[in-house]
Amino acid sequence: MRRLPATAKINLALVVGPRRQDGKHDVMTVLQRIDLSDRISLARASRLEIRGFAQDTLVRDALLAFATAAGVHPTWSVRIDKRIPVAAGLGGGSSDAATALRLANETLTEPLTTERLHAIAAGIGADVPFFLAQGPQLGSGDGSELAPLDLPQDYWVLLVLPTGALKPATAAVYDAFDGATGFDERQAALRTALAKARRPSDLAELPPNDLAASPLADELRELGAFRADVTGAGPAVYGLFVRREPAEAARRSVASWGDTWLTVPTWYG
């Protein structure tokens with residue numbers, strides 16, 4: 001039995017462009033892992049079985065695609081222990097799929113290359129390749145084209161999932177997006193802000209999320225967050241704090257809004 005954590009992510013920025021011929025939107029996004037994770041366990045078995053999370057589709061799809069690429073039968077038993085909220089913009093399903101790919105690859109006599117794993121991951125979902133990489137990444141194209149970023153990591157992350165907050169499927173959120181005008185200018189502004197990011201507080205200059213907004217982000221900034229925004233297509237909201245004490249105080253202040261987590265950036269799962 002092999003086990004690994006499958007970490008969540010936040011989008012420190014998400015700039016969305018026009019729809020492409022393949023139906024997807026061009027994006028530019030800053031992806032950062034955080035220390036909130038599911039746990040994936042994988043062992044050899046007589047057939048493919050996924051336990052622990054009945055709603056899973058991505059892990060199953062990833063392992064079936066992996067088995068086809070590797071020329072093997074999909075004979076693994078996987079257990080998913082969920083801690084990351086589902087459909088919250090935190091990438092839990094994508095992270096689970098990427099972690100399952102890593103674990104399955106370790107069972108091969110001749111493991112697939114990093115490049116082949118990335119290609120399989122990109123076929124499952126645009127966020128999945130990020131969870132095979134180390135450190136913060138700049139995602140472009142549909143989000144699966146990655147470039148490493150050197151960003152500050154010494155801050156606290158307060159996550160809030162508002163009670164009763166529901167969102168349509170991520171694809172539907174993108175379908176409804178109508179703000180593609182000015183994409184080149186917003187990309188340029190993002191690159192400029194990234195080039196200047198040396199201290200945690202410099203992340204405040206990153207442009208806001210194009211897809212979603214929340215009054216809770218305003219509340220977190222009033223409570224001392226140097227940056228606050230919706231992550232991904234939402235509905236989870238994050239606030240970034242230089243010190244733990246103000247983050248804990250803010251957590252107490254927003255406790256009535258919904259579920260909260262206090263965590264930190266992390267480099268790898």
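In what order do the four strands of the open sheet stand, and is their pairing parallel or antiparallel? In this predicted model, the four strands follow the order 8-9-7-10, and the pairing is antiparallel. The edges of the sheet are taken by strand 8, residues 227–230, and strand 10, residues 258–263, each of which has a single partner strand, so that one side of each is left without a neighbour in the sheet. From one strand to the next, the twist averages 15 degrees. Strand 7, which spans residues 156–162, pairs with strand 10 in the antiparallel sense over six bridges, and within strand 10 the residue W261 serves as the bridge partner of L159.

Two helices lie against this sheet. Helix 6, formed by residues 215–222, lies across strand 7, strand 8 and strand 9 (237–241), and it runs at about 15 degrees to strand 9. Helix 7, formed by residues 244–253, lies across strand 7, strand 9 and strand 10, and its direction is at about 170 degrees to strand 10.

The nonpolar interior was examined next. In soluble globular proteins, nonpolar side chains tend to be buried together. In this model the largest nonpolar core holds 31 residues, of which L63, F66, W76 and V78 touch the most other members. At least two residues of this core are supplied by each of strand 1, strand 2, helix 1 (58–70), strand 4 (76–81), helix 2 (92–106) and helix 3 (114–124), with helix 2 giving the largest share, six residues. Apart from this core lies another, of 30 residues, which includes A8, A88, Y155 and L240.

The surroundings of two individual residues add detail to this picture. When residues up to four places away in sequence are not counted, V78 touches I40, S41, L42, E49, I50, R51, V59 and L63. A98, which is found in helix 2, is buried, with a relative accessible area of 0%. Leaving aside neighbours within four places in sequence, A98 is in contact with V128, F131 and L132. By contrast, D229 lies 25 Å from A98, C-alpha to C-alpha, and the two residues are 131 apart in sequence.

Aromatic pairs were also counted, and the total comes to three. One of them is formed by F66 and W76, whose ring centres are 5.7 Å apart and whose planes meet at 55 degrees, an arrangement classed as tilted. Because F66 lies in helix 1 and W76 in strand 4, this pair ties together parts that are 10 residues apart in sequence; both F66 and W76 are buried. In a further pair, the rings of Y155 and F226 have their centres 6.1 Å apart and their planes at 90 degrees, so the pair is edge-to-face. Distant parts of the chain are linked in this way, since Y155 lies in the loop between strand 6 and strand 7 and F226 in the loop between helix 6 and strand 8, 71 residues apart. Both Y155 and F226 are likewise buried.

Among the charged side chains, the count comes to 14 salt bridges. One of these joins D142 and K24, whose closest N and O atoms are 3.0 Å apart. This pair links distant parts of the chain, with D142 in the loop between strand 5 (137–140) and strand 6 (145–148), K24 in the loop between strand 1 (2–19) and strand 2 (25–44), and 118 residues separating them. With a relative accessibility of 15%, D142 counts as buried, whereas K24, at 39%, counts as partly exposed.

A second salt bridge is made by the side chains of E49 and R47, with a distance of 3.8 Å from N to O. Here E49 is partly exposed, with a relative accessible area of 25%, while R47 counts as exposed at 53% relative accessibility. In another salt bridge, between D81 and R79, the closest N and O atoms are 2.9 Å apart; D81 counts as partly exposed at 30% relative accessibility, as does R79 at 34%. In addition, salt bridges that share partners join R20, D22 and D26 into one network.

Notes:
Residues are numbered from 1 along each chain as its sequence is written. This is a predicted model: local features need pLDDT of at least 70, side-chain atom pairs count only at pLDDT 80 or more; totals for chains, interfaces and linings use all residues. Side-chain values use heavy atoms; hydrogens and water are left out. A salt bridge is a side-chain nitrogen of Lys or Arg within 4 Å of a carboxyl oxygen of Asp or Glu. Buried means under 20% relative accessible area, exposed over 50%, partly exposed in between (1.4 Å probe, protein chains only). Two strands pair if DSSP finds at least two bridges between them. Axes are lines fitted to C-alpha atoms, for helices over the stretch in contact, and angles run from 0 to 180 degrees between N-to-C directions. Contact means heavy atoms within 4.5 Å. A nonpolar core is a set of buried Ala, Val, Leu, Ile, Met, Phe, Trp, Tyr and Cys residues joined through side-chain atoms within 4.5 Å. Rings of Phe, Tyr and Trp (its six-membered ring) pair if their centres lie within 6.5 Å; planes under 30 degrees apart count as stacked, over 60 as edge-to-face and the rest as tilted.
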